[in-house]
Amino acid sequence: MDVNETIIETYREGIQIVKYNKPNKKNAIDSNMYKRVINILSNAASDDSISVIVLTGAGDFYSSGNDFSAPVERKSISLILKEYIDAFINFPKLLVAVVNGPAIGIAATTLALCDLVFASESSYFYTPFTKLGIVAEGCSTFTFPRLIGDKKAAEMLLCSHRMSAEEALKCGFINYIYKPDNLQTEVWNKIEEVSKLPKHSVAITKKLMRDSVRAELLKANDEELKQLNTIWKTGSFAIKSKV
């Protein structure tokens with residue numbers, strides 16, 4: 001394992017662990033990291049030895065979202081974002097997030113596309129899109145109202161409400177919370193348990209669940225990125241600190 005890699009992959013008994021590893025920038029995700037995760041999800045989809053993908057972060061952050069300091073063409077990042085979000089939508093196996101700290105922007109919105117989300121009590125979920133002068137992404141304009149209700153979704157996406165782990169658990173945004181010191185030990189009992197479920201049964205059931213909304217998710221992704229592109233072209237945005 002190369003600790004200098006911005007994405008670290010490890011394995012344990014049918015589980016592939018994908019760690020965002022840029023702690024000096026709170027695990028902000030750049031285009032190379034996006035591409036790496038896209039490839040990992042694509043390869044794991046057809047790898048019979050993998051039953052679960054686990055996403056987590058290094059240090060005390062899950063991820064602060066897009067790395068706006070990384071040099072990249074807006075058109076290029078838009079295409080990468082589409083592929084990245086589509087990869088979450090279309091991943092056929094169990095996709096689990098272990099949220100070890102704050103999840104901001106796209107790191108928070110894509111949690112709604114995961115099957116299970118386990119979080120530290122120290123984590124929070126923050127989607128300050130309007131504060132930054134941009135629009136919501138990650139299919140959140142579709143998933144958030146469906147998952148946590150219209151009013152709470154409006155708080156998150158329109159008013160940049162910072163949701164605590166406890167509140168996220170109460171409104172159904174995440175599945176479980178753990179004390180920070182216990183997260184990386186206790187969470188694995190549950191993950192290993194679900195990784196041993198019959199693969200064919202899990203895959204078919206997930207397909208049935210996801211097929212009922214797949215077209216709407218893909219459409220939401222397209223529409224959100226279309227609006228984001230329009231804002232980028234006009235220059236009417238103000239990227240500031242997301243934390």
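Contact means heavy atoms within 4.5 Å. I adopted that criterion before opening the model, which is predicted.

**Entry 1: α4 and α5**

I began with the helix pair α4 and α5. In α4, I listed S140, T141, F144, P145 and I148 as the residues that meet α5. Their partners in α5 are D150, K152, A153, M156 and L157. By residue class, I noted that this contact divides into six nonpolar, two polar and two charged. I then looked up the geometry. The axes of α4 (residues 140-148) and α5 (residues 150-157) come within 7 Å, and they cross at roughly 135°. The two helices are therefore oblique to each other. I recorded the crossing of α4 and α5 as right-handed.

**Entry 2: α4 and α9**

I next turned to the pairing of α4 with α9. Helix α9 spans residues 214-234, and its axis comes within 8 Å of that of α4. The crossing angle is roughly 130°. I therefore entered α4 and α9 as oblique to each other. From α4, the contact is made by S140, T141, F142 and T143. From α9, I noted E216, L217, A220 and E224. I classed the residues of this contact as three nonpolar, three polar and two charged.

**Entry 3: F173**

I looked up F173 in the loop between α6 (165-170) and β9. Is F173 buried or exposed? I found a relative accessible area of 4%, and F173 is buried because buried means under 20%. I then listed the contacts of F173, leaving aside its neighbours within four places in sequence. Among them are F144, L147 and I148. The list also includes A108, L111, A112, V117, F125, M163 and A168. As a separate check, I took the C-alpha atoms of F173 and S31, which are separated by 27 Å. F173 and S31 lie 142 residues apart along the chain.

**Entry 4: α7**

I examined helix α7, which runs over residues 183-195 and has 13 residues. From its first C-alpha to its last, α7 reaches 18 Å, close to the 18 Å expected at 1.5 Å a residue. Which residues of α7 are buried? I recorded L183, V187, W188, I191, V194 and S195. I then asked what covers the buried residues of α7. The cover includes the strands β1 (7-12), β2 (15-20) and β3 (52-57). It also includes β4 (94-99), β6 (116-120) and β9 (176-178).

**Entry 5: the loop between β1 and β2**

I located E13 in the loop between β1 and β2. E13 has a positive phi of about 45°, although it is not a glycine. I noted a relative accessible area of 65%, and E13 is exposed. G14 lies in the loop between β1 and β2 as well. At 21% relative accessibility, I entered G14 as partly exposed. Not counting residues up to four places away in sequence, G14 touches S49, I50, S51 and V52. The C-alpha atoms of G14 and S49 are separated by 5.6 Å, and these residues are 35 apart along the chain.

**Entry 6: S160**

I closed with S160, which I found in the loop between α5 and β8 (162-164). S160 is not a glycine, yet I recorded a positive phi of about 55°. S160 is buried, with a relative accessible area of 9%. I set this beside E13, which has a positive phi of about 45° but is exposed.

Notes:
Residues numbered from 1 in each chain as written. Predicted model: local features only at pLDDT ≥ 70, side-chain atom pairs only at ≥ 80, totals over all residues. Heavy atoms only, no water. Axes fitted to C-alpha atoms, helices over the stretch in contact; angles between N-to-C directions. Helix = DSSP H or I, 4+ residues; strand = E, 2+ residues; numbered from the N terminus. Parallel < 35°, antiparallel > 145°, perpendicular 65-115°, else oblique. Left-handed = near helix turned anticlockwise from the far one by under 90°. Nonpolar A, V, L, I, M, F, W, Y, C, P; charged D, E, K, R; others polar. Expected span 1.5 Å × (residues − 1). Buried < 20%, exposed > 50% of the residue type's maximum accessible area, 1.4 Å probe, protein only.
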